[in-house]
Amino acid sequence: MIDLKEKLLSSFIAFENQTNIDSYVHEVRSEAIKQFESIGFPDKKLENWKYTSLKNLLNTDYTVLPEINNVLEFKNIKKYLIDDIDSYKVIFVDGKYCSHLSETTHEGMDICILSAALTQSKYELIIENYFNKIALKDGITSLNTAFSNEGVFIHIPKNKFVEKPIQIIHFSTGNESSLMFQPRNMIVVDENSQVQIIERHQSLSKNKVFTNSVTEIYADKKSIIDYYKIQNDNLQASLIDNTYVNQQRNSSFSMHTFSFGNELVRNNLNISQNDEFIETTIKGITIIGDNQHVDHNTLIQHNKPNCNSHQDYKGIYDNKSTGVFNGQIVVNKQAQKTNAFQSNNNILLSNKATINAKPQLEIYADDVKCSHGCTVGQLDKNALFYLKSRGIPEKEATALLMYGFANNILKSVKIPEIKTRITNIIANKLGVKIGFNL
Amino acid sequence: MLKINNLHAQIEDKKILNGINLNIKAGEVHAIMGPNGSGKSTLASVIAGKEDYEITKGEMLFNDDSIDELSAEERAHKGIFMSFQYPIEIPGVTITNFIKTAINETRKARGEKDMPAGQMLKLLREKCSMLGIDRKFLSRSINDGFSGGEKKRNEIFQMAMLEPTLSILDETDSGLDIDALKIVASGVNKLKKKDNAVVIITHYQRLLDYIIPDYVHILFDGKIVKSGKKDLAVELEKRGYDWIKEEINN
């Protein structure tokens with residue numbers, strides 16, 4: 001079998017032939033493929049990849065430039081949407097934009113697709129200013145950059161409150177073979193604007209899917225961005241999510257990541273606070289079992305004074321599942337009066353489940369408030385007996401305790417329908433029919 | 001209702017109950033008293049079905065059926081309730097959510113449908129006002145940050161909502177000031193009916209001034225060494241437990 005890296009390198013020419021080679025992006029891609037060629041995929045020798053092996057994932061013969069034209073109807077995808085709210089929708093099927101399922105706009109803002117932004121001259125300036133400016137040049141991101149062509153393009157101009165949330169969903173159908181996707185999203189929110197985004201990747205077949213996604217987010221002065229990722233894909237799908245955030249003065253960014261599905265998930269969340277009075281909130285709930293693997297690799301860089309960050313990740317691991325929490329916070333010398341809080345709590349339900357937790361605080365300023373706490377435990381037997389003694393069966397009692405352990409993460413979710421959806425997914429995942437919300 | 005015959009129980013290798021005999025009928029209030037370490041709380045936990053304890057001899061019959069092999073939730077479905085000496089704090093789970101789940105799981109086990117939401121709400125309000133509980137209390141997490149009095153009142157509130165046939169109150173009076181004690185006691189008295197029974201486990205007799213027992217048993221060294229009426233509790237309060245010990249040793 002041909003090596004995946006070799007296959008990707010040789011597919012690059014075919015990919016580039018379909019695109020415009022005179023553009024700025026062509027140069028970026030050409031640089032990136034060289035970068036990928038020299039670095040390749042990450043392996044466990046790298047400190048940040050010590051606990052996550054891509055070996056099994058890379059050992060598959062993926063179709064790397066899928067040419068599938070499966071048509072999906074609304075009824076096929078309804079259950080993956082949060083359909084009880086009015087929203088913009090940008091839907092992709094097998095890497096291609098699906099217009100009849102989407103609801104985009106160009107009225108006063110751009111909520112559309114990257115392929116359009118990359119080819120139309122009116123977007124030339126914004127692409128040159130923002131495309132691939134904050135994404136790292138590591139192997140996995142460079143691979144995405146080299147093949148970047150399609151994904152979401154969002155540009156919210158100054159003083160705009162986007163009333164409807166934006167739902168981004170990447171479906172894969174992959175009826176014939178294993179598939180690899182490289183979605184690329186670019187989100188630019190200008191001064192004093194506000195937007196909410198929900199992202200999901202969903203495979204609709206039993207075939208193997210490997211998604212390597214890159215999202216660049218620019219939060220200009222006084223902007224507010226709330227981002228929600230629902231990772232509940234089937235067990236044949238794997239996701240590497242690379243999200244880069246650049247925050248400017250007085251901006252506020254929040255990311256909630258809900259990880260319940262997939263064979264393997266790796267979240268590289270990289271946030272840079274580049275001016276004063278910035279708020280950053282990143283939270284996550286992970287509930288996995290079987291042989292699932294979820295890795296949260298986060299970095300918050302405090303570069304300027306008077307900024308805050310709050311980080312809270314909860315994880316519950318059953319069977320042979322493994323979790324990784326690698327939370328790095330860097331407070332640079334200039335970043336006085338920083339408040340940075342990090343918390344990571346884990347419950348292991350089985351003897352064979354593993355969590356590798358590695359909180360890292362690097363503080364170079366002397367007038368800051370930083371704290372971090374990390375716990376690993378089991379369910380409280382006395383609490384379980386308490387619930388059972390009230391007539392709640394073991395399975396439901398366990399579910400209730402697990403929900404109680406994790407649900408403070410939901411408090412900062414601003415869209416009630418997301419909370420409902422997440423609690424339903426949790427109940428489903430835990431195999432109980434009890435409602436958690438009242 | 002509950003018949004306990006020659007019950008022996010141990011935790012790991014430590015024998016705690018050494019042949020308990022007890023017969024509780026509907027409509028009765030029993031008090032079980034005894035010095036620290038005599039096995040009172042163990043007896044309550046063993047009846048409620050805590051798995052840490054192993055029954056080595058004897059049996060427990062509830063309405064003529066053995067409950068020895070039943071799980072804690074199955075016993076609850078049959079109508080057995082224990083008010084905990086140290087109620088557990090469970091952050092993140094609201095009292096309403098908890099009670100609603102408990103009631104509907106119990107109904108499910110009995111082959112009944114879920115309680116309609118309207119009826120549930122009405123019941124919650126009714127029981128809150130009966131026990132003088134502010135309704136805001138319902139949206140708080142179970143016992144999380146509660147004072148001692150609030151925790152005990154929450155136990156009685158759950159008892160009121162679940163309407164058990166046998167209620168075991170394990171040291172419900174401990175940690176309560178006199179006002180809280182009166183509220184809890186009056187709640188228990190209001191819930192008393194002809195077809196249910198209450199077992200009060202206590203170290204002191206002061207709760208028994210408010211909930212009058214039909215029988216008082218003294219537990220010592222894992223055995224009931226003396227049974228009597230309400231006046232036995234009064235005597236214990238006056239004389240302490242030492243004379244019982246002497247009586248046994250002679």
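Leaving aside its neighbours within four places in sequence, Leu204(A) is in contact with three residues: Phe171(A), Ser172(A) and Thr173(A). Please bear in mind that this model is predicted. Consider Thr173(A) in particular: along the sequence, 31 residues separate Thr173(A) from Leu204(A), yet their C-alpha atoms are 5.1 Å apart in space. Leu204(A) itself sits in a loop of chain A, between strand 8 (194-203) and strand 9 (209-219). Is Leu204(A) buried or exposed? Within 10 Å there are 21 other C-beta atoms, and the threshold for a buried residue is 20 or more, so Leu204(A) is buried.

Let me turn to the contact between the two chains. Chain A contributes 22 residues, and chain B contributes 25 residues. On the side of chain B that touches chain A, at least two residues come from each of helix 2 (72-78), strand 7 (90-94), helix 3 (95-109) and helix 5 (148-162). Which of these elements supplies the largest share? Helix 3 of chain B does, with 7 residues. By character, this side of chain B consists of 11 nonpolar, 10 polar and 4 charged residues.

Next, I come to the sheet in chain B. An open sheet is formed by 6 strands in the order 6-9-10-3-11-12, and the pairing is mixed. Strand 6 (80-83) and strand 12 (223-228) of chain B each have a single partner strand, so they stand at the edges, and one side of each lacks a neighbour in the sheet. From one strand to the next, the twist averages 20 degrees. Strand 6 of chain B pairs with strand 9 (residues 166-170) of chain B in the parallel sense, over 4 bridges. Within chain B, Ile80(B) stands opposite Leu166(B), which belongs to strand 9. Helix 1 (residues 40-48) of chain B lies across several strands, among them strand 3 (29-33) and strand 10 (197-202), and runs at about 145 degrees to strand 9 of chain B.

Finally, I would like to discuss two backbone angles. Most residues other than glycine have a negative phi. Glu12(B), however, has a positive phi, near 50 degrees. Glu12(B) is located in the loop between strand 1 (2-11) and strand 2 (14-24) of chain B. Asn143(B) also has a positive phi, near 55 degrees, and is placed in the loop between strand 8 (141-142) and helix 5 of chain B. As for their surroundings, Glu12(B) has 7 other C-beta atoms within 10 Å and is therefore exposed, whereas Asn143(B) has 23 and is therefore buried.

How values were computed
Residues numbered from 1 in each chain as written. Chains lettered and ligands numbered in written order. Predicted model: local features only at pLDDT ≥ 70, side-chain atom pairs only at ≥ 80, totals over all residues. Contact = placed C-beta atoms within 7 Å. Nonpolar A, V, L, I, M, F, W, Y, C, P; charged D, E, K, R; others polar. Pairing = 2+ DSSP bridges. Axes fitted to C-alpha atoms, helices over the stretch in contact; angles between N-to-C directions. Buried ≥ 20, exposed ≤ 12 C-beta atoms within 10 Å, placed from the backbone.
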